[in-house]
Amino acid sequence: MGKLKIIKYGDNVLRQQVKDIDEITPEIKQLAKDMLETMYAAPGVGLAAPQVGISLNMCVIDILPDGKKNPFVLINPKIISGENKEEMEEGCLSFPGIFEKVKRYHTVKAEYTEINGRRVEVTVEGFLAKAFQHEIDHLHGKLFIDYLQPWKRKLVEKEIKRRKKGNNW
Ligand code: CO
């Protein structure tokens with residue numbers, strides 16, 4: 001397979017609730033690889049399965065700490081708890097060129113199944129915690145623009161409409 005096509009905002013698949021992954025088959029492993037390849041090439045720091053048109057409960061993340069690869073593959077992930085909300089600018093591969101400030105937890109405890117099948121619990125913070133929250137949101141059909149004030153959200157929708165009209169989306 002290799003690089004996958006990234007679905008942009010406006011496609012209904014981004015709003016669907018995903019299905020849990022019951023078994024980590026060779027196909028699932030291949031999908032994780034392809035999603036990572038697609039994310040690195042974009043480039044981006046996170047990608048959820050719905051963003052490549054697949055309604056499955058999986059996302060990949062790598063914020064490249066110290067510029068080195070450190071990929072996370074999260075299967076059936078869940079945020080258990082979070083603390084200390086703060087605002088940070090975010091983007092999304094399904095919203096090219098759009099960046100907005102979003103309020104999220106600084107620290108989150110999450111659980112997920114690794115690609116080897118092991119269920120783990122982690123505590124992450126800072127930028128990585130933001131990525132966890134953003135990507136796990138995708139798996140519930142939630143997008144970062146949903147957090148914006150209505151007036152700001154309207155401006156973003158208008159900009160996207162303008163770009164779609166100009167075949168620039
Ligand atoms: Co996103």
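A salt bridge is taken here as a side-chain nitrogen of Lys or Arg within 4 Å of a carboxyl oxygen of Asp or Glu. On this criterion R15, D146, R153 and E157 are linked in a network of salt bridges, and the legends below describe this network and other close-up views of what is a predicted model.

**Figure 1. Overall view of the predicted chain, which contains 3 helices and 5 strands.** Read along the sequence, these elements follow the pattern α-β-β-β-β-β-α-α. The radius of gyration is 16 Å, close to the 15 Å that the globule rule gives for 169 residues, so the chain is as compact as a globular protein of that length. The C-alpha trace spans about 45 × 40 × 30 Å along its principal axes, and 44% of the 169 residues count as buried. Among contacts between residues at least 6 apart in sequence, 64% join residues at least 24 apart.

**Figure 2. Close-up of the cobalt ion with its protein donors, C92 (SG), H134 (NE2) and H138 (NE2).** The three donor atoms lie 2.0 to 2.2 Å from the ion, and the residues that carry them are spaced C-x41-H-x3-H in the sequence. C92 and H138 link distant parts of the chain, since C92 belongs to the loop between strand 3 (72-90) and strand 4 (100-113), whereas H138 belongs to helix 2 (residues 126-138), 46 residues apart. Both C92 and H138 are buried, with C92 having a relative accessible area of 11%.

**Figure 3. Close-up of the salt-bridge network that links R15, D146, R153 and E157.** D146 pairs with R15, the closest N and O atoms being 2.8 Å apart. This pair joins distant parts of the chain, with D146 in the loop between helix 2 and helix 3 (150-165) and R15 in the segment before helix 1 (26-41), 131 residues apart. D146 also forms a salt bridge with R153, for which the closest N and O atoms are 3.1 Å apart. D146 counts as partly exposed at 25% relative accessibility, R15 counts as partly exposed at 33%, and R153 counts as partly exposed at 23%.

**Figure 4. Close-up of the salt bridge between R162 and E159 in helix 3.** The closest N and O atoms of this pair are 3.3 Å apart. Because R162 and E159 are 3 residues apart in helix 3, they are separated by about one helical turn. R162 is exposed, with a relative accessible area of 56%, while E159 is partly exposed, with a relative accessible area of 27%. A search of the whole structure finds 11 salt bridges.

**Figure 5. Close-up of the largest nonpolar core, a set of 17 residues.** The members that touch the most other members are I61, F72, L74, Y112, V124, L128 and F132. Two or more residues of this core come from each of strand 2 (58-61), strand 3, strand 4, strand 5 (119-125) and helix 2, and the largest share, 5 residues, comes from helix 2. Leaving aside residues up to four places away in sequence, F132 touches I61, F72, L74, V108, A110, Y112, V122 and V124. In soluble globular proteins, nonpolar side chains tend to be buried together.

**Figure 6. Close-up of the cysteine sulfurs of C59 and C92, which lie too far apart for a bond.** The closest cysteine sulfur to that of C59 is the one in C92, at 12 Å; a disulfide would require the two sulfur atoms to be within 2.5 Å. By this rule the count of disulfides comes to 0. C59 is buried, with a relative accessible area of 0%.

**Figure 7. Close-ups of local backbone geometry at P43, L64 and N167.** The peptide bond from A42 to P43 is cis, with omega near -10°, and P43 is placed in the loop between helix 1 and strand 1 (46-48). L64 has a positive phi of about 50° although it is not a glycine; L64 is found in the loop between strand 2 and strand 3 and counts as partly exposed at 35% relative accessibility. N167, likewise not a glycine, has a positive phi of about 55°. N167 is found in the segment after helix 3 and counts as exposed at 73% relative accessibility.

Methods. Residues numbered from 1 in each chain as written. Predicted model: local features only at pLDDT ≥ 70, side-chain atom pairs only at ≥ 80, totals over all residues. Heavy atoms only, no water. Donors = N, O, S within 2.8 Å, 3.2 Å for Na, K, Ca; no water. Helix = DSSP H or I, 4+ residues; strand = E, 2+ residues; numbered from the N terminus. Buried < 20%, exposed > 50% of the residue type's maximum accessible area, 1.4 Å probe, protein only. Core = buried A, V, L, I, M, F, W, Y, C linked by side-chain atoms within 4.5 Å. Contact = heavy atoms within 4.5 Å. Rg over C-alpha atoms; globule rule 2.2 N^0.38 Å.
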